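I opened this notebook to record what I looked up about charges and rings, entry by entry.

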Amino acid sequence: MDETEFWELVDATREAAEGDPEEQADLLVDRLLTLDPDMVLDFARHFEARYNRAYTWDLWGAAWILLDGASDDAFDFFRCWLIGQGREVYEGAVHDPDSLADLLRDFDQEIDGDGEELGYAADEAYEQLTGAVAPDLGILPEPSEPLGAPVDLENDRVLAERYPKLWERFRD
């Protein structure tokens, strides 16, 4: 599976789920079950690589604004959700997290920002296909700390200055 096929699967399931991340995860498992196990592992590698790439202070700050706070776990689930939004939103956010203010049409804290189940889709499909737990993907692990300059997530002034568009659009 190449990068284009990866994003096509993400986009097709997001559109079919009408943006609901839990429904998207269910549809993604269903789609992955139509592939052979090696393709499912390829999908998992693409997902994990993007998940790890999004482990940055800049994105954590954006998640903090959108979610009105984001613990370690909440930021993990946010990164899964971000991948689920597709290539344009993901790449835009990784390049410039403040661009999420322009890239997101709507954001509902009750539904959006939590893609935990998306993070398990490939593992679930692989296990259903093979009866075994997915092997190590052979990619670099997530960094021990977020990449980039740390952001004082508790300081509203810092967040407003660093993410002016997100702050103006999504902060109460």
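**Charges and rings**

I looked first for surface charge and found that Glu18, Asp20, Glu22, Glu23, Asp26, Asp30, Asp114, Glu117, Asp123, Glu124 and Glu127 gather in a patch of negative charge. A patch takes residues with over 30% relative accessible area and no salt bridge, like charges being joined within 9 Å; areas come from the Shrake-Rupley method with a 1.4 Å probe, only the protein chains shown counting as cover. Asp and Glu count as negative, and the place of each charge is CG of Asp or CD of Glu.

This is a predicted model, in which local features need pLDDT of at least 70 and side-chain atom pairs count only at pLDDT 80 or more, while totals for chains, interfaces and linings use all residues. Residues are numbered from 1 along each chain as its sequence is written, and side-chain values use heavy atoms, with hydrogens and water left out.

I then asked which helix gives the most to the negative patch. Helix 2 does, with four residues, and helix 8 (121–130), which holds aspartate 123, also supplies at least two. Helices here are DSSP runs (H or I, at least four residues), numbered from the N terminus.

For salt bridges (a side-chain nitrogen of Lys or Arg within 4 Å of a carboxyl oxygen of Asp or Glu), I noted a count of twelve. In one of them arginine 87 meets glutamate 3 at 3.2 Å, N to O, joining helix 6 to helix 1 across 84 residues of chain.

Lastly, I checked for charges over rings (NZ of Lys or CZ of Arg within 6 Å of the ring centre and within 35 degrees of the ring normal). Arginine 79 sits over tyrosine 51, 3.9 Å from the ring centre, and arginine 50 lies over phenylalanine 6 at 5.2 Å.

Technical notes
Patch = residues over 30% accessible without salt bridge, like charges linked within 9 Å, V, L, I, M, F, W, Y side chains within 5 Å.
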